[in-house]
Amino acid sequence: MRFYLLLIVAVVGISSCATSGVDLDPGGPFTREELERRVAQLERRAERRPNDADTWYALGNAYFDGDAFNEARQAYRRVVELDESRADAWSNLGLTHRIQGNFMNAVSAYETALQLEPDDAVTLRNLSILMQDLGHLEASTGPLQRLLQLDPSDASIRNELAHVFVLVGRYDDALHIWEDGGDALPTEIHHDIARATALLRTGRLDEAGAVLVNAEARDSSHPMLPPARADYYRRMGEFEAAWREVDRCQRRGIPLDPDFVALLRAETDNRTGAIR
């Protein structure tokens with residue numbers, strides 16, 4: 001099995017060995033006592049078969065299930081020492097590194113796993129999460145794009161990829177991803193507001209206004225709404241309304257880009273309504 005970040009997901013089966021008395025892929029979940037017995041059995045098997053990659057992989061999974069991440073990492077490392085082609089072990093090795101805060105080692109392990117199995121959804125997802133956690137948003141788009149290619153019907157990946165495109169300023173790409181989805185348009189309000197932002201930044205003001213109206217109807221207290229409305233009103237030349245949204249942000253402690261406030265002040269003073 002391979003592991004999602006904090007979620008265990010069975011992806012590939014490991015053949016069991018009937019003569020050993022230990023099922024190498026028994027499923028689960030286990031009670032604490034069952035897990036302790038399983039670890040002890042696999043440790044004895046590993047002592048007898050120190051060059052059996054399947055045993056070390058099963059032991060790594062058992063350690064992981066018990067939150068023994070140091071031991072899990074060592075077991076997965078042993079697997080890839082014995083068989084460098086084990087993408088499943090590289091993937092789980094990456095996750096143990098990530099959990100322990102060894103982020104660059106995690107990236108390296110994930111990338112090795114993807115060299116061996118480029119379309120493994122678990123590894124692609126974990127790599128995208130890690131890159132976003134590290135603040136490398138642009139780097140997270142590659143795995144997300146591949147996931148969407150593998151399953152174009154996955155609305156959650158479609159929305160996440162489009163939202164990340166908005167965050168990195170790739171507004172046309174974001175709108176393309178959403179529009180390609182047909183009925184798979186944003187279902188979460190923060191994705192709706194991100195879509196409105198993309199529409200604003202590409203000059204599609206009327207569409208952006210409609211999206212913001214719908215978002216407000218869903219949750220008028222959402223903290224992303226006032227900044228988005230302030231930008232909408234500024235671009236429409238409705239400066240008084242824009243300033244009301246700025247005041248709302250300040251009262252609620254919602255951060256605003258200082259450059260936006262300075263631009264709004266300059267445009268208000270000049271009454272030009274210029275669009276940046």
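Biologist: How do you know that helix α3 reaches a span close to the expected one?
Modeller: Helix α3 is residues 69–82, a DSSP run of H or I with at least four residues. Its 14 residues reach 20 Å from the first C-alpha to the last, and the expected span (1.5 Å times one less than the number of residues) is 20 Å too. This is a predicted model, where local features need pLDDT of at least 70 and side-chain atom pairs 80 or more, while totals for chains, interfaces and linings use all residues. Residues are numbered from 1 along each chain, and side-chain values use heavy atoms, without hydrogens and water.

Biologist: What makes one face of α3 the buried one?
Modeller: F69, A72, A75, Y76, V79 and V80 are buried (under 20% relative accessible area; exposed is over 50%, partly exposed in between; 1.4 Å probe, protein chains only). Down the axis of α3, these buried residues fall within an arc of 135° (directions from the axis to the C-beta atoms), so they line one face. Exposed Q74 and E81 sit on the face turned away from that side.

Biologist: Why are α1 and α2 called roughly antiparallel?
Modeller: Helices α1 (residues 32–48) and α2 (residues 53–65) pack at about 155°. Roughly antiparallel means over 145 degrees, so the pair fits the label. Their axes, lines fitted to C-alpha atoms over the stretch in contact, are 9 Å apart. The contact (heavy atoms within 4.5 Å) includes L35 and L42 of α1 and W56 and L59 of α2.

Biologist: How do you know that D67 is exposed?
Modeller: D67 has a relative accessible area of 52%, and exposed means over 50%, so D67 counts as exposed. D67 lies in the loop between α2 and α3, and has a positive phi of about 65° although it isn't a glycine. Most residues other than glycine have a negative phi.

Methods
Helices (H or I, at least four residues) and strands (E, at least two) are DSSP runs, numbered from the N terminus. Axes are lines fitted to C-alpha atoms, for helices over the stretch in contact, and angles run from 0 to 180 degrees between N-to-C directions. Angles under 35 degrees count as roughly parallel, over 145 as roughly antiparallel, 65 to 115 as roughly perpendicular and the rest as oblique.
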